[in-house]
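Colleague: I should be grateful for a close look at a single part of this model, namely one helix and the partners against which it packs. Please add some remarks on backbone geometry in the loops.

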Amino acid sequence: MAYKIYMVRMGQTMKEGTITHWYKKDGESVKNGEDLYEIEYDKASANVQSTRDGILKIIIAEGQTVAVASVIGMINDPGEEADNPAESNTNTGRASAPAGFPVAGEVKASMQVKRLARQMGVDLAQVKPGDPSGRISEQDLERFLKQSNEQEEALKDDRVKASPMAKRQAEENGVDLSLVKASDPGGRISKEDVLNYLQNNQKTDGEVAAVRSETAGVNVVPMSAMRRAIARSMKSSYFSNPVVTYSTDVDMYELLKLREQLNEELAPKGMKASVNDFMIKAAAKALKNKPGVNVSVDGESILLKSDINIGMAVALENGLVVPVVKNADKLKIEQVVAETKELIKKTREGKLTSADMSGGTFTITNLGMLGIDMFTPIINMPQSAILGVGRAVEKPVALNGEVVIRPMMVLSLTADHRAIDGALAAEFLQEIKKYIHKPFLLLYD
């Protein structure tokens, strides 16, 4: 019996994934539990294992991006004729599982269907069975996914008023209908409006020649799925949030001295505390004292977060990810060190899960190790603030009436002014400064 391989959902925010590698070639045998394919999604990658023995039939090649729930391959029994890929992959690039559904509990369905539902994030209670007995089949699940995707696409189409001919004309010419001005007083875009847009935006021969001259010798590299996700997130944050960045200098002398002492104690355990570990703990305690910063904006409402989950930006060769230290305010400094060590290890090995990167309420991004003194970080939505950490540099400062050399560092807090006023932002930075200047307070809960 042929078994369909789906593009699985690796988190509630995942809409599509890129197949970066098939571990088996087309026609090779696979075994249950073996790594089958690798996908890249949002800001992470993951390996997906086979759930049965058989012969692999690849439908979607490496490098292609498809929506969640798309059929990307088949596993056939030995000697069985493979299904027609065109028929098998009716959902490729189109089907999208509804987000936010929990998996159903007691429903009539085989274990295979229940497992597929978990992979796709589908509540089986929402699926209408085709069998009179009420038992849900794989075909019922596929039909539900296809209908959900069509509904989602219909909602997207409704956002722009346009005639069917206009939509077809725009699709054929790669035109974004949101950029087309409607001549109809009711705002409905016609085919003629699309043609006028194309005519007005058509480049002359001279302009085309100029573009060719400018791009001569340029190697065009498509964005990876991770880079596209970062681009979308940063663009959305930068252009939708009215932000202000606040900066202050902090004296790192006492914290660096405590760090050195702590590392002597942690060395036998194979652990080493970083400046970032102390910054995470300091930010967590400051957020507990200033809960107005631990918020997000939802329309005209402000959501106060009871959990304090600190995201830490980790740079990769082709982008960055933000794993999250959960309940950082409740962790001792040694526990923070252990948690960050594990998250960074998983990041470097490409083993971060969506759970590792979800739930953040505040983010810290540190460029001090790269020699940066100060920068203006962009908020990691839907959070309302992010702390930028620069390098510690020895500078002459006035202390008790004398000029001394101290390791000074710049902290930069970018905050969404809709929720966080300047006074609150300044108070929050002062809280962090307090814990840096008196780091022994970080050892007490």
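Modeller: The account below takes the helix, then its two packing partners, and then selected loop residues. The model is predicted, and that applies to every value that follows.

The part in question is helix 9, which comprises residues 275-289. Helix 9 contains 15 residues, and the distance from its first C-alpha to its last is 21 Å. That span is close to the 21 Å expected at 1.5 Å a residue. Of the 15 residues of helix 9, 12 are buried, so the helix is largely enclosed by the rest of the structure. The buried set includes the alanines Ala282, Ala283, Ala284 and Ala286. Asn276, Asp277, Lys281 and Lys285 are buried as well, as are Phe278, Met279, Ile280 and Leu287.

Two packed helices are described by the angle between their axes and the distance between the axes. Helix 9 packs with helix 10, residues 333-348, at an angle of about 120°, and the two axes lie 9 Å apart. That angle makes helix 9 oblique to helix 10. The crossing of these two helices is right-handed. On the side of helix 9, the contact involves Asp277, Phe278, Ile280 and Lys281; on the side of helix 10, Ile333, Val336, Val337 and Thr340 take part. By class, the contact of helix 9 with helix 10 has five nonpolar residues, one polar residue and two charged residues. Asp277 and Lys281, both in this contact, are also among the buried residues of helix 9.

The second partner is helix 11, residues 422-437, which packs with helix 9 at an angle of about 135° with the axes 9 Å apart. Helix 9 and helix 11 are therefore oblique to each other. Their crossing is right-handed. Helix 9 contributes Met279, Ala282, Ala283, Lys285, Ala286, Leu287 and Asn289 to the contact, and helix 11 contributes Phe428, Glu431, Ile432, Lys434, Tyr435 and Ile436. The residues of this contact between helix 9 and helix 11 divide into nine nonpolar, one polar and three charged. Among the participants from helix 9, Met279, Ala282, Ala283, Lys285, Ala286 and Leu287 belong to the buried set.

As to the loops, the one between strand 15 (324-325) and helix 10 holds Asn327. Phi of Asn327 is near 50°, a positive value in a residue other than glycine. With a relative accessible area of 28%, Asn327 is partly exposed.

Asn400 lies in the loop between strand 18 (393-399) and strand 19 (402-416). Asn400 also has a positive phi, of about 55°, although it is not a glycine. Its relative accessibility is 75%, so Asn400 counts as exposed.

The loop between strand 16 (362-366) and strand 17 (385-389) contains Leu370. At 61% relative accessibility, Leu370 counts as exposed. From C-alpha to C-alpha, Leu370 and Gly390 are 8.7 Å apart in space, while 20 residues separate them in sequence. Pro382 is found in the loop between strand 16 and strand 17 too. The peptide bond from Met381 to Pro382 is cis, with omega near 10°.

Notes: Residues are numbered from 1 along each chain as its sequence is written. This is a predicted model: local features need pLDDT of at least 70, side-chain atom pairs count only at pLDDT 80 or more; totals for chains, interfaces and linings use all residues. Side-chain values use heavy atoms; hydrogens and water are left out. Axes are lines fitted to C-alpha atoms, for helices over the stretch in contact, and angles run from 0 to 180 degrees between N-to-C directions. Helices (H or I, at least four residues) and strands (E, at least two) are DSSP runs, numbered from the N terminus. Angles under 35 degrees count as roughly parallel, over 145 as roughly antiparallel, 65 to 115 as roughly perpendicular and the rest as oblique. A crossing is left-handed if the near helix is turned anticlockwise from the far one by less than a right angle, and right-handed if clockwise. Contact means heavy atoms within 4.5 Å. Ala, Val, Leu, Ile, Met, Phe, Trp, Tyr, Cys and Pro count as nonpolar, Asp, Glu, Lys and Arg as charged, and the others, Gly among them, as polar. The expected span of a helix is 1.5 Å times one less than its number of residues. Buried means under 20% relative accessible area, exposed over 50%, partly exposed in between (1.4 Å probe, protein chains only).
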